[in-house]
Amino acid sequence: MTAKLASDELQRRLVKALRLAGDTHSISDIQNDVATGKLQCFSEGDSFVLTEIVHEPRQKYLNVFLAVGEMSVVNLIPKIEAFAQEAGCAWVQALGRPGWKSVLPKYGWEPTHVLFVHRIGQDNG
């Protein structure tokens, strides 16, 4: 992860992706979470995907936390799915931009939900 983040272009794209995802983490937060194993990093070429194992009372699943890069991100799907299976996860899920709806079904993924967000403190008109 650290070597991948050495690229100025990847850092710029990561900052943009973090902002689009709600600005919940900084680059140093991501680096710390990968170093401690809280997040997993899968990379190929100019792309990387960050995942996290989510433990619920009756199931655990692998959540795709963030994807950065070009369409080569889809080349990481087999590695991510294999990791999820080895970790005993029941499924892998990803929240993404609407454009992924036309890409991911080709790899066996299906859309199951629509996310609605209400930002607190912003004009609702």
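**Exercise 1. Find the residue of S4 that is the bridge partner of Val64, then place both in their strands.**

Let's start with the pair itself: Val64 has Ala94 as its bridge partner in S4. Helices (H or I, at least four residues) and strands (E, at least two) are DSSP runs, numbered from the N terminus. This is a predicted model, in which local features need pLDDT of at least 70, side-chain atom pairs count only at pLDDT 80 or more, and totals for chains, interfaces and linings use all residues. Residues are numbered from 1 along each chain as its sequence is written, and side-chain values use heavy atoms, with hydrogens and water left out.

Next, the strands: S3 and S4 (residues 92–94) run parallel and are joined by three bridges; strands pair if DSSP finds at least two bridges between them.

Now look to the other neighbour. Val64 of S3 is also the bridge partner of Thr51. Strands S2 (residues 47–55) and S3 (residues 60–68) are antiparallel, with eight bridges, and they make a hairpin with four residues between them.

**Exercise 2. Count the disulfides and explain the result for Cys41 and Cys89.**

First, apply the rule: a disulfide is a pair of cysteine sulfur atoms within 2.5 Å. The count is zero.

Second, check the distance. The closest cysteine sulfur to that of Cys41 is in Cys89, 17 Å away, so it is too far for a bond.

Third, compare the surroundings. Cys41 is partly exposed at 26% relative accessible area, while Cys89 is buried at 13%. Here buried means under 20% relative accessible area, exposed over 50%, and partly exposed in between (1.4 Å probe, protein chains only).
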